[in-house]
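Please look through the sequence and the model that follow, and keep both in view while reading. The paragraphs after them move from the whole chain to its strands and then to its charged side chains.

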Amino acid sequence: MRAAVLHPTAGGRMDRSDRIGFTLFFVAIVFIAFVAGAFVALSKTFPYRYFNDAYRAGHALLSQLSATDLYTETHLWREARRDDRGVTLHEPGQAYEGVTLYTSGDGSYAQLIDMQGKVVHRWELPYDQIWDKSPSGRAPRDADRIYWDKARLMPNGDLLVVITADNDTPWGYGLIRIDRDSKLIWAYHGPTHHDLHLTPDGRVVTLTHDLSEDDIPGLQGLERPWLDDFLVVLDGQTGEELSKVSLARAFLDSPFAEPVYQTPAYAGSDPLHANSVHYLDEALSAAFAPAQGRPGQVLISFRNIGTVALVDPETGEMTWATRGPWIVQHDARALPNGNFTLFDNAANYQVGNAARVLEVNPRTHAIVWSYAGNDEHPFDSYVRSSAQTLPNGNRLINESDGGRLFEVTPAGEIAWEFINPIRGGDQDRYIPIVSSGQRFSVGEFDKDFRAVIDNPQQR
């Protein structure tokens, strides 16, 4: 009996024409998928948002996991510009004498130093002793990526602290109140960021942010999800949230919405980036003309759209807004003379000396005072930073990226300077950023806390 002869197509095998047909079919499917994907991406129709969200979430996670070098791949350290450490200059008679509070990018702590740079008090409380998750419910960043951003000191030694994490979104990690011994009084586990201000009646005004899927009609380049900022008021005794208003909604419901529609391309996922709050009490609201004598409004700086605005935290109404010759600014502060100051991070247009501090007349928009550094004392900080107007008219300036605090007179002369003494990384080349700085007269504190400052070894 002859053995059966199998044809090439038997048993599921393909001949040459079948293989060509299958290849063409596969190529056609790939081409159709490519065209459909291109159409969905360009037109941003369904299911673009879901694919885009998944891509951005994956990209963010990969970025977070790959940021392994603390000194070169985070925002917490910068290459040190100078070898100096501690107080390098003190001009008695010119400087406003007192003690200076500052926070540093190398950890969850704040220090109070005297005019010679000696530490007279320290507060410290690691994040994992407060919470085991971030406000969004995820595992928090490592301890060396979490730091105290802005701190405000109270007369009895209690400290209010905004906690922030590097390389996470949302990066706001919470706000706490601790006593002078660093014992926790209360904790608000909302995504607070950048700044806080204590009102005369003891409430806390701060900023939070969260991801939003809402549309902003007419805003080209908006990426979803995007970060909306919120103006939040807390009870200063308990940390309970008393009010919360959307700052995007405040803009869009006001006559001042145009800056939002001019959001730069790099800020499509973070159009506002609010970064400072200053509560106007009765005296400031009477002096600051845009407030029209209405106390309780909050002066807010919006970095990515170059805008300073007033918002009522109870109604969410935006009552005034302005733009000016500043770029990616921070720390807008109303003054008793009716003007406001801000830290202009990038509009000095000098290589290595791009920052300046401005005092602006809101009625005329004139710059009535500025400090911009010079060749001998370059001044450069693209992010963060602040300027406190002191009772003697000097300004305590926080050059965050330089790890530097310094005090300048109205004539622009440096009366005091402090360089963060901490170093790290390869051959100690890197310096932690200074997130905040605040000068106090010792007489502002109550008797018990003054005793602690006078005898730090007895803490």
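A contact, as the word is used here, means heavy atoms within 4.5 Å. Among contacts in the protein chain between residues at least 6 apart in sequence, 54% join residues at least 24 apart. This is a predicted model, in which local features need pLDDT of at least 70 and side-chain atom pairs count only at pLDDT 80 or more, whereas totals for chains, interfaces and linings use all residues. Residues are numbered from 1 along each chain as its sequence is written, and side-chain values use heavy atoms, with hydrogens and water left out.

The secondary structure of the protein chain comes to 6 helices and 27 strands; here helices (H or I, at least four residues) and strands (E, at least two) are DSSP runs, numbered from the N terminus. Of its 459 residues, 52% count as buried, where buried means under 20% relative accessible area, exposed means over 50%, and partly exposed lies in between (1.4 Å probe, protein chains only). The accessible surface of the chain comes to about 21400 Å², and 53% of that surface belongs to carbon and sulfur atoms; such areas come from the Shrake-Rupley method with a 1.4 Å probe, and for residues only the protein chains shown count as cover.

A useful place to begin among the strands is β8 (residues 172–178), where 7 of 7 residues are buried. Strands are said to pair if DSSP finds at least two bridges between them. On the evidence of 6 bridges, β8 is joined to β7 (residues 159–165), and the two run antiparallel, with Leu 160 having Arg 177 of β8 as its bridge partner. These two strands form a hairpin with 6 residues between them, and Asn 167 in the turn has a positive phi of about 65°. Strand β8 is also joined by 4 bridges to β9 (residues 184–188), again in the antiparallel sense, and Leu 175 has Tyr 188 of β9 as its bridge partner. A hairpin is formed by β8 and β9 as well, with 5 residues between them and a positive phi of about 70° at Ser 182 in the turn.

Elsewhere, an open sheet of 4 strands follows the order β18-β19-β20-β21 with antiparallel pairing. Its edge strands, each pairing on one side only, are β18 (330–334) and β21. Within this sheet, β19 (residues 340–344) and β20 (residues 356–360) pair over 5 bridges, and Phe 343 stands opposite Val 357 in β20.

What does a search of the whole structure find in the way of salt bridges? It finds 25 of them, a salt bridge being a side-chain nitrogen of Lys or Arg within 4 Å of a carboxyl oxygen of Asp or Glu. One of them links Asp 201 with Arg 203, the closest N and O atoms being 3.1 Å apart; Asp 201 counts as exposed at 54% relative accessibility, while Arg 203, at 21%, counts as partly exposed. Arg 249 and Asp 253 meet in another salt bridge (3.2 Å, N to O), with Arg 249 partly exposed at 45% and Asp 253 exposed at 58%.

The side chains of Asp 401 and Arg 384 also meet in a salt bridge (4.0 Å, N to O). Asp 401 lies in the loop between β23 (395–399) and β24 (404–408), and Arg 384 in the loop between β21 (367–371) and β22 (386–389), so the pair ties together parts that are 17 residues apart in sequence. Both Asp 401 and Arg 384 are buried. Finally, a network of salt bridges links Arg 81, Arg 82, Asp 84, Glu 399, Arg 404 and Glu 417.
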